[in-house]
Amino acid sequence: RREWNGPGRYIPMATPDTRRIEIIPIESYDVINEREMQKLREQTRNNQATIMDKIGARIPQRVDKLVAANYRRLEMDAFKVWTSGTIVQVDPQTGKTFTTSFGIAAGRIQTAGTAWSAATSAYDEFLAWVEDAIEAVGGIIGVTCRLSCVKTILADAPNMDNGVKMTRSNLEERIRQDIGGPFEFFIHEDSVDVFNDGGTAHTRTKVFPDRILAAVPVGNGRVADVVVAW
């Protein structure tokens, strides 16, 4: 509202907080040593076409492989930030770590007081969290989590009207009815190989952490920063 013949209300532009940052490069490379070449010759009976295919000798093929490896690193970092609010950078040569906070408000990351697997009702705990998420981000279309999380919620979900145990599709429909809006579980079970140090040893690691729920907002599809460790 304004005074008659007076100016309207000034609406300031909402801009994110700024902070000093430093870009840390992500890079990979690929080499084939003479011992590996000898093994390839023995395994393929020196079939040059097969050897070339195995090592990805063609430039586009090799570049694609390296780029994919770099994207996997970025993918791990993105999910780490989304679910914890921080990112941990590791110097592969020295093992020294650097932790950077993205400044996500403390209230946006909740930790369950009691593990949902031990709670009276994981379903009720989940609905309470969903309501908090909706209040924080203005509506959600679902949550991203691991399959174990869905199983825990499903185990405590109410039975159907006929007494039959719910299925996963029944569970999503019941949640839609309870919250009065759209809902879907985005189950994330992808794995990548993460290097242990500066060498070639690696550990198969899930991209999305276990025992974590992350809300996905309605609208432009950008992920929310509301998560809970259950």
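Leaving aside neighbours within four places in sequence, T144 is in contact with W82, F186, H188, F208, I212, L213, A214 and V216. The model is predicted. T144 is found in strand β4, and with a relative accessible area of 7% this residue is buried. The protein chain has 6 helices and 9 strands.

**Surroundings of T144**

- T144 counts as buried because its relative accessible area of 7% falls under the 20% limit.
- Strand β4, where T144 is found, spans residues 140-145 and is one of the elements that give two or more residues to the largest nonpolar core.
- Two of the contacts of T144, F208 and I212, are also among the members of another core, of 9 residues.

**Nonpolar cores**

- The largest nonpolar core has 23 residues, and those with the most contacts inside it are F126, L171 and F185.
- Two or more residues of this core come from each of α4 (122-137), β4 (140-145), α5 (147-155), α6 (168-179) and β8 (212-217).
- Helix α4 provides the largest share of this core, 7 residues.
- F185 touches F126, V143, C145, V150, I153, L171, E172 and I175, when residues up to four places away in sequence are not counted.
- Two of these partners of F185, F126 and L171, are listed with F185 as having the most contacts inside the core.
- Apart from the largest core lies another, of 9 residues, including M76, V207, F208 and I212.

**Residues with positive phi**

- N5 has a phi near 65°, a positive value in a residue other than glycine.
- N5 is placed in the segment before α1 (34-44).
- N5 counts as exposed because its relative accessibility of 80% is over the 50% limit.
- N46 also has a positive phi, near 60°, and is likewise a residue other than glycine.
- N46 is placed in the loop between α1 and α2 (48-55).
- N46 counts as partly exposed, since its relative accessibility is 39% and this class lies between the limits of 20% and 50%.

**The chain as a whole**

- Of the 230 residues in the protein chain, 25% are buried.
- Among contacts with a separation of 6 or more, 57% are between residues 24 or more positions apart.
- The protein chain exposes about 16,000 Å², of which carbon and sulfur atoms supply 52%.

Definitions and conventions. Residues numbered from 1 in each chain as written. Predicted model: local features only at pLDDT ≥ 70, side-chain atom pairs only at ≥ 80, totals over all residues. Heavy atoms only, no water. Core = buried A, V, L, I, M, F, W, Y, C linked by side-chain atoms within 4.5 Å. Buried < 20%, exposed > 50% of the residue type's maximum accessible area, 1.4 Å probe, protein only. Helix = DSSP H or I, 4+ residues; strand = E, 2+ residues; numbered from the N terminus. Contact = heavy atoms within 4.5 Å. Areas by Shrake-Rupley, 256 points an atom, 1.4 Å probe, with all protein chains shown as cover.
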